[in-house]
Every structure is written in structure tokens, then in C-alpha cells.
Amino acid sequence: MEGPGWRHPPAGPPARTDARGPQAAGRSGGGPSTVHAGGRTSRRRLASSGMDRIQLRPPREHDGPTFLAAVAASRDLHASWVSPPVDVEGYMALLFRSRRRDHATYLAWRDDDLVGMVSLNDIVRSNLASASLGYYAFAPFAGRGWMRQALSGVIGRAFTAHDLHRVEANIQPDNVRSRALIEGLGFRREGYSPRLLRVRGEWRDHERWALLADEWP
Ligand SMILES: CC(C)(COP(=O)(O)OP(=O)(O)OC[C@H]1O[C@@H](n2cnc3c(N)ncnc32)[C@H](O)[C@@H]1OP(=O)(O)O)[C@@H](O)C(=O)NCCC(=O)NCCS
């Protein structure tokens, strides 16, 4: 996986260190930070599964080979629910998108294991102050409660460091795991939108779930 693609990335915008203000830069830039659980039953889950060891940090160029290997190992898990980058070009696009003012991407690590990805997409400021969540676990780390921890950490940052008012999650109707995860975190189902999002080249129906800052613990 190592190669010139990793050593000589295409030109892109500079790393975001201050776009979200000093507080945001301090919390999510550079090094990893351990996150704490949110949601209705977080304490029980945290205590029962060792989730206090999940760390969130922005993607780095040298995470690319690990990320792409994790995606390749997770094809069945990701199925038709998400379309993560599958090659160097796609990873570099994720990397540069994560440095834009309207995106924030976090890789979730547990020690040296990359357990998942959570992103705040399409961050809109002004009077909306909202973003759309993207997330996926990596096999074999799914189903252990670690994505709940990762999402809790990112949602907490959305309402503090990113100063957002609303976070939404758009979920395909038969994505049982994703809906259980989001519902357990306290999101409300707001509605249903036919052909809302294009996933793997197809416009797919989605349920719209959302959480407001004043609904978050
Ligand atoms: C959705 C996804 C991120 C959940 O990750 P996960 O690692 O299973 O999540 P967690 O282990 O933190 O579990 C969180 C909750 O999900 C639900 N869940 C987990 N596995 C489940 C399963 N096999 N069936 C039903 N619900 C399940 C449970 O409600 C669980 O809460 P619990 O603590 O009460 O058991 C993961 O399944 C995934 O990556 N799916 C493919 C990508 C995807 O669908 N992304 C979301 C697009 S909207």
C-alpha cells in the first residue's frame, strides 16, 4: 500500500487548525483525545465494554494504508449502506475534505486498532447551524459498543467545539443496526424522504433522524 501516492499527495487546502476557532482546533486537531460517552444509557455501556479507550482524531495521510485495509475487510458489513473510499485517490479526497470548513472527519481508534469513522458532513452555519452525520464501523470491531462511544464523542463536539444546533442522521429504512444506534443516542425520527441520498451510485430512500443541542445530555 505504501507508494508515491502517499508520499506526494495532490495539492489541497491547508490543514484546518483554526477554522472552527481555537476551542475546536484545540480539541480535534493534532493528537488523539479520549472521548466520553453521551446518550441515554452511556454510563452502563461505558462501564461494561471498556469504551473509555476509544480515541478520536482527524485522518492523517499515513493512516491511509490502515484505513484502506480496514475498508477492504469490511465489504460485507458496509454492504449497500455506505460507500467509503476504496483506493488511494479516494482516501486523499477524504483527507482533503476533512480539512474543509464544512466538514469534520474523525477516525475512531482503540489502541492501534482503527474501529470506525464518524464525520460531520455539509456543516451549514448561519441560522441553520447543522450538519449531517456519516459513520461506519470496521470489521471485526462492529457490535462491541465502540461506535456508540465514537458517535457520542463526535456529537458532543458538534454541539461544543463546532457550535452546532442540530445534527441529522439519514438512514436507509432497513438498516436496523444504524437505526438502533441512532435511536439509542436519543435522536428523533423526523420523517422519510424518497431517494434522498445517492449511495453506491443509486438514489436511496432514507429516514431522517435528528438531535438538537438542547436534547443532548
Ligand atoms: C451501523 C454501525 C455503525 C453500528 O456499529 P456497531 O459497532 O454495531 O455499533 P455498536 O456496537 O456501538 O452498537 C450500537 C447499537 O447498535 C445496535 N446494534 C448493534 N449490532 C446490532 C445488530 N446486529 N442488530 C441490531 N442492532 C444492533 C444496538 O442497538 C447497539 O446498542 P446496544 O449497546 O444496546 O447493543 C455498523 O453496523 C456499520 O458500520 N454498518 C454499516 C455502515 C452503516 O450502516 N453506516 C450507517 C449509515 S446510516
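**A walk through the model, from helix H4 to the ligand**

Start by selecting helix H4, residues 64-72, where Gly64, Phe67, Ala70 and Val71 are buried. Turn the view until you look down the helix: these four residues cover an arc of only 130 degrees around the axis, which puts them on the same side of H4. Keep in mind as you go that this is a predicted model.

**The strands**

Next, pick strand E5, residues 130-137, together with strand E6, residues 166-171. Do E5 and E6 run parallel or antiparallel? They run parallel, and 3 bridges join them. To find your place along the pair, show alanine 131, which stands opposite valine 167 in E6.

Now add helix H7, residues 146-159. With E5 and E6, this helix makes a right-handed β-α-β unit.

Stay on E6 and bring in strand E8, residues 202-212. E6 and E8 run antiparallel, joined by 6 bridges. A handy spot to zoom in on is glutamate 168, whose bridge partner in E8 is alanine 210.

**The nonpolar core**

Time to look at the largest nonpolar core, which has 42 residues. Select Ala108, Val118, Ala150, Leu151, Val154, Ile155 and Ala158, as these touch the most other members. Which helix gives the most to this core? That's H7, with 8 residues.

**Around the ligand**

Now click on the ligand and show the 23 residues around it. Those that come nearest are Trp81, Ala137, Met147, Arg148 and Ala180. Color by element, and you'll see that helix H5 (75-78), E5, H7 and helix H8 (176-184) each give two or more residues to the shell. H8 has the largest share, 6 residues. How many residues of the shell are nonpolar, polar and charged? The split is 13 nonpolar, 6 polar and 4 charged.

**Last stop: methionine 147**

Finish on methionine 147, which you'll find in helix H7. It is one of the residues that come nearest to the ligand. Is methionine 147 buried or exposed? With 25 other C-beta atoms within 10 Å, methionine 147 is buried, because 20 or more count as buried. Then draw a line from its C-alpha to that of alanine 137: the two residues are 10 apart in sequence and 6.5 Å apart in space. Alanine 137 is also among the residues that come nearest to the ligand, so you can keep both on screen with the ligand as you end the tour.

Note on methods: Residues are numbered from 1 along each chain as its sequence is written. This is a predicted model: local features need pLDDT of at least 70, side-chain atom pairs count only at pLDDT 80 or more; totals for chains, interfaces and linings use all residues. Two strands pair if DSSP finds at least two bridges between them. A crossover is right-handed if, with the strands pointing away from the viewer, the path from the first strand over the helix to the second runs clockwise. A residue is buried if 20 or more other C-beta atoms lie within 10 Å of its own, exposed if 12 or fewer, and partly exposed in between; C-beta atoms are placed from the backbone. The arc is that of the directions from the helix axis to the C-beta atoms. A nonpolar core is a set of buried Ala, Val, Leu, Ile, Met, Phe, Trp, Tyr and Cys residues joined through C-beta atoms within 7 Å. A residue is near a molecule or strand if its C-beta atom, placed from the backbone, lies within 6 Å of it. Ala, Val, Leu, Ile, Met, Phe, Trp, Tyr, Cys and Pro count as nonpolar, Asp, Glu, Lys and Arg as charged, and the others, Gly among them, as polar.
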